[in-house]
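This short report is meant for a reader who is meeting the structure for the first time. Please keep the sequence and the 3D view at hand while reading.

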Amino acid sequence: MDSLIRAARRLPLSGKLGLGLVVFWIVVAIAGPFVAPYPPGSFVNEEVFAGSSGRFLLGSDFLGRDVLSRLLSGARFTVGLSAIAVAIAASIGTGLALCAAVGPRWLDEILSRSMDTLISIPSKIFALVLVAAFGSSIVLLTLILALTYVPGNFRIARSLAVGLARLDYVEVARARGEGRLYLALVEVLPNMMRPLFADIGLRFVFIVLLLSGLSFLGLGLQPPDADLGSLVRENTSGLAEGALAIIAPAVAIASLTVGVNLLIDAATQGKAE
Amino acid sequence: MSGTAPAARWRGPARLVAQRVVLALFTLLLVSAVIFTISGLLPGDAAQELLGQGATSEQIAALRHEMGLDRPAVVRYLEWLRAIIGGDPGMSLVANKPVAEIISERLPNTLTLAALTTLFSVPFAFLVGITSAVTRGRTTDRALNILTLAMVALPEFLVATIAVLVFSVKLLWLPSITIVPQDPTPGEFLRAYAMPVMVLGVGVIAQLGRMIRAAIIAELDRPYVEMARLKGVSQRRLIFRHVLPNAVGPIVNAMALSLSYLFGGAIIVETIFSYPGLASLMVNAVTSRDMPLLQACAMIFCATYLLLVLIADTVAILANPRLRQG
């Protein structure tokens, strides 16, 4: 914990800003619904697309609901689903990458070929095909988000793992008679964590953008559930009046993704230069 | 090497390019199998879905037979593939028109949008990349780094929303939906495309600019740059005559990647501006579960992506003098 705080102190200003935004959104995702002033679904304001006021900090939406309350509950979906999806994507991608690195040659060959094929389908196109085929219930949507970014994570993790698996200390462990599982989990995996985390952070950003994009198109989270992208979608009619109801959730998504990007950039830069 | 005939000099690269073409075609074949498996085989029974819950099993079996769903998966895939390659992917289930007809109306629009965005973005991306690389580590570079880092993370609909608010709502300069009139004057044309191109450009410029910076910096660290500097070559000449030609490979690769990013962006941008392109068509196909249309759109996007990568690879091979010696 102490070393984490010290590492955070050493970050450049942009990194501190990023870290602040990330922590803020984690807290909002966890605590948001408890501090929301109104239930997210209730009609509390007669006026639609009202501006900011003391009672409604972020105004009201197209049906007169409180934007702040809806944003607080929407953030939980955006952050939560994306975090689960990136965890699944990284587990599958990195798991397969470790298999490819310590397993037999033919396995590496098959895995790499199939991932190369999947990676040559642009990710948003891939996600659209998956949504068309399977629909977008919450569970399937999360799996689709995860599946879309498995190939990318596999590619990075494999190149890290293959590089490490060739090093002498792994060879020594192999000669010692250690099993493949031991090699993968004890010798290789711990030494690739740092660059792997940077990749996971980037994929988290991609997943947040993909989820928000899908919801914005009406293909993501389905009502009555609403993530930040859905909030932008349902309030598009307020665009002409510049309603807070459409700007606030869009800015919220951007502050989350930009925050993660700044943090990763700052955290990896110290290493690179 | 100066003694070899020109034809022999190009034999090496030609073989490499031919290999890449074969590999790209093979990948496209695998991609088509993936797309067909996901969208054609896995989603369950289209006949069941068309007829609904109340249908008897005889009715379903009859429709399955009529639609050819009772044949083995491989046969169905091969037939689908032949139809796609032949340029006739079947009838759209929703519009009741041939898919090919719908797509041929929409494809030119998306190509125009992509071409204009590329024309607009690439010069800015070079400007950002080169400026950043030559001021490496200094304030300009760091500011550009943070700016582009933020730009790549912005959702397209935020950029579009802000653009509409500023240019359509407040300034009343540009229309908030993109309607290109028949036979537009150059002014009308620019007005119609200004917003979607700007919005798409934000992401492309940032992403491409960052990759150009990385490609140039990788070259700047090589010994020949030191040599040229010691020789007294000016900064401008160093970048344009020495570094950029050597960085062509990574840069064209970066361009192919960011253009593929453009497809993803186009999905959102075409929808927001109600622009009748291929990406918004694909979104409609997903909403209405119009599988033949969806499959055709997906294949066009994948084929274009593979083509861009292939072109980038080819340029990189031809630009590399070391490969040119046969």
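## A nonpolar surface patch

Phe134(A), Val139(A), Leu140(A) and Leu143(A), together with Leu41(B) and Leu42(B), make a nonpolar surface patch of about 480 Å², in what is a predicted model. Helix α6 of chain A, which covers residues 138-148, supplies the largest share of this patch, namely three residues, and Val139(A) lies in that helix.

## The contact between the chains

Turning from the patch to the interface, the contact between the two chains draws 45 residues from chain B and 42 residues from chain A. The area buried between chain B and chain A comes to about 3,500 Å², and carbon and sulfur atoms give 82% of this area.

## Polar links and the side of chain B

One salt bridge is found across the interface of chain B and chain A, and in a salt bridge the side chains of Glu156(B) and Lys124(A) meet, with an N to O distance of 3.6 Å. Across this interface there are also four residue pairs in polar contact, with both residues at pLDDT 80 or more.

On the side of chain B that touches chain A, at least two residues each are supplied by several helices of chain B, among them α2 (11-41), α9 (186-220), α12 (248-272) and α14 (291-319). Sorted by class, this side of chain B has 33 nonpolar residues, alongside eight polar and four charged residues.

Methods:
Residues are numbered from 1 along each chain as its sequence is written. Chains are lettered from A and ligands numbered from 1 in the order in which they are written. This is a predicted model: local features need pLDDT of at least 70, side-chain atom pairs count only at pLDDT 80 or more; totals for chains, interfaces and linings use all residues. Side-chain values use heavy atoms; hydrogens and water are left out. Contact means heavy atoms within 4.5 Å. Buried area is the accessible area (1.4 Å probe) that two parts lose on being put together, summed over both. A salt bridge is a side-chain nitrogen of Lys or Arg within 4 Å of a carboxyl oxygen of Asp or Glu. A polar contact is a pair of N or O atoms within 3.5 Å; within protein, one must be able to donate a hydrogen and the other to accept it, and residues adjacent in sequence count only if both atoms are side-chain atoms. Helices (H or I, at least four residues) and strands (E, at least two) are DSSP runs, numbered from the N terminus. Ala, Val, Leu, Ile, Met, Phe, Trp, Tyr, Cys and Pro count as nonpolar, Asp, Glu, Lys and Arg as charged, and the others, Gly among them, as polar. Patches are made of residues with over 30% relative accessible area and no salt bridge: like charges are joined within 9 Å, nonpolar side chains (Val, Leu, Ile, Met, Phe, Trp, Tyr) within 5 Å. Accessible areas come from the Shrake-Rupley method with a 1.4 Å probe; for residues, only the protein chains shown count as cover.
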